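Colleague: Let's go through this one together. I'll ask, you answer.

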Amino acid sequence: MAARPTDAQSPDVAPLSNPLGADAGPSRAPVETSTGNLQYEYDYLNAQNVPGALDNDPLADDLPAYYYSPRPYRDDEGAVRPIADYGPPGYQPREQQEGPAVPEYARLAPPTLVTEDQRDDLVVRGIYPGSFLAPGTNTSFRLRGFVRLGALMDFDPVGSTDSFVTNTIPVAQRAGQNFNMSGRASRIAFESWTPTDYEDLTVHTFVEGDFFNGAPQAAGGGGNPFRLRHAFIDVGYFRFGQQNSAFMDGTNWPSLVDFQGPNSWANQRQPSARVTLPVCDDLFWAGAIERPFSDITFDPALGAAVQDVPDFTTHVRYQRTRGHAQLGALVRGVGYRPAGEAVTRQTAAGVSGSVVMHPWAVLMGTDPVHDPDPSGWTRSRLLMQATWGPGVGRYLNDLAGQGLDGQVNPLTGDIELVEALGWNFSYEHWYNAQWLSNFTLGKVDVDNSAFAAGGTYASAQYVAASLWWIPLPRLAIATELMWGERQNEDGQSADAQRLHGMVQYNF
């Protein structure tokens with residue numbers, strides 16, 4: 001493969017100047033082609049490049065030998081799969097909300113060896129299945145996601161018109177029905193892998209978003225603005241960027257038609273810096289510094305919420321082919337500044353435990369991951385999760401944004417943490433490779449302060465039962481019957497029922 005021309009090899013012709021100035025963006029310089037003609041090509045410089053962006057020329061790098069070796073795909077400490085993506089060695093976990101039409105763990109395998117000419121001239125498979133090598137480089141790219149159409153009928157009013165959020169059930173309940181269709185849960189993701197010659201590390205990037213943002217999609221409203229879900233970089237044991245909190249278990253997601261999920265599910269994505277380390281075989285530890293936010297109830301005229309100390313999260317995880325168990329912990333500062341006074345701060349702490357297991361596979365001694373065609377009993381799963389602590393409200397699905405991390409006494413200006421408990425249970429039963437059912441139950445309880453208003457959220461229940469059909473690989477059709485109830489601090493309550501359906505194709 002011919003080397004890319006350097007400044008010394010370029011013809012003695014003055015480069016074109018950039019009419020917008022030296023720092024205004026890309027400039028062009030003439031290079032000599034194999035036929036002797038001058039041809040202008042853009043360089044890589046632009047106003048937002050950072051130091052190091054041009055240190056190495058990817059066109060001159062050869063693919064390292066391990067790029068084609070099965071070792072990184074089998075070894076949990078390998079350079080290809082980020083260590084934070086838990087799963088059996090050699091497999092990639094299903095992402096949250098991708099649905100049962102995608103395997104729980106997808107097998108990884110190295111690409112076949114390609115020649116330099118193929119690298120330059122052809123689109124060839126990259127380092128991950130479904131990825132491709134950018135011609136002339138050692139970087140693999142992959143585009144994935146899903147398209148989803150949801151349709152629902154509400155038999156009772158619910159404030160969230162295309163997700164089932166139990167905190168939006170009006171108390172007292174009113175009469176009324178609602179039919180809605182929405183495609184804004186559709187998702188798209190772009191990721192890359194670039195091998196380096198430093199300890200054979202692979203730099204992995206991941207950017208993902210959907211359109212589940214802004215006003216709910218309903219009659220006469222909903223513009224479907226794009227929402228950034230994930231944007232992070234993996235380098236060795238480290239992950240930097242917007243990502244799932246280390247306090248949550250993203251692979252504990254049940255097979256639900258409802259995009260919101262259980263009201264009690266620990267769920268928070270935010271900018272953070274995380275490290276994940278293998279402790280021993282099948283055991284991992286992770287710790288992270290995460291963006292803070294004091295989600296408290298107070299009178300804005302009397303003070304302001306303060307978030308000046310990052311949240312600290314951690315977990316340990318035991319991972320096997322028939323399931324996993326994870327125990328997480330959280331320590332954070334919840335702050336409040338009364339008008340004209342010093343900041344008062346309470347230290348919040350919480351724990352969250354989760355289990356995913358294939359109970360019948362354990363009893364029968366079968367393998368749901370490595371068996372090429374596991375039976376329905378082997379595929380069936382049990383999922384459990386529980387979270388508790390004072391000041392953990394914003395980490396629970398139903399409590400985020402409700403001001404239930406803490407409550408400020410309007411008479412004294414003192415802040416009191418709110419203790420919350422959430423738990424959920426799911427059983428997913430597969431009848432065969434095309435049909436499955438899921439049953440999910442969730443509950444949240446809040447211990448409000450004595451001065452909380454009577455209409456303050458106190459507890460909620462969430463029940464969902466669904467039937468799924470997978471007629472083609474990656475295509476799922478499902479229907480789900482849901483029931484939820486909200487109870488306020490004054491004892492008043494109301495419930496709602498919804499029939500929900502969806503068609504989703506993962507690409």
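Colleague: What is the strand order in the open sheet of 3 strands?

Modeller: Keep in mind that this is a predicted model. The pairing in this open sheet is mixed. Its edge strands are β14 (296-297) and β21 (415-417), each pairing on one side only. The order reads β14-β20-β21.

Colleague: Which residue in β20 is the bridge partner of Thr297?

Modeller: Strand β20 covers residues 406-408. It runs parallel to β14, and 2 bridges join the two. In β20, Thr297 has as its bridge partner Gln407.

Colleague: Is Arg144 buried or exposed?

Modeller: Arg144 sits in strand β6, residues 140-154. Its relative accessible area is 13%. Buried means under 20%. Therefore Arg144 counts as buried.

Colleague: What distance separates the C-alpha atoms of Arg144 and Phe190?

Modeller: Along the chain, Arg144 and Phe190 are 46 residues apart. In space, their C-alpha atoms are separated by 6.6 Å.

Colleague: Which residues gather in the patch of negative charge on the surface?

Modeller: One of them is Asp117, which lies in helix α2. That helix spans residues 116-121. The full patch is Asp62, Glu116, Asp117 and Asp121.

Colleague: Why does Asp117 count as exposed?

Modeller: The cut-off for exposed is over 50% relative accessible area. Asp117 counts as exposed because its relative accessibility is 54%.

Note on methods
Residues numbered from 1 in each chain as written. Predicted model: local features only at pLDDT ≥ 70, side-chain atom pairs only at ≥ 80, totals over all residues. Heavy atoms only, no water. Patch = residues over 30% accessible without salt bridge, like charges linked within 9 Å, V, L, I, M, F, W, Y side chains within 5 Å. Areas by Shrake-Rupley, 256 points an atom, 1.4 Å probe, with all protein chains shown as cover. Salt bridge = Lys/Arg side-chain N within 4 Å of Asp/Glu carboxyl O. Lys, Arg positive; Asp, Glu negative; His and termini not counted. Charge placed at Lys NZ, Arg CZ, Asp CG, Glu CD. Helix = DSSP H or I, 4+ residues; strand = E, 2+ residues; numbered from the N terminus. Buried < 20%, exposed > 50% of the residue type's maximum accessible area, 1.4 Å probe, protein only. Pairing = 2+ DSSP bridges.
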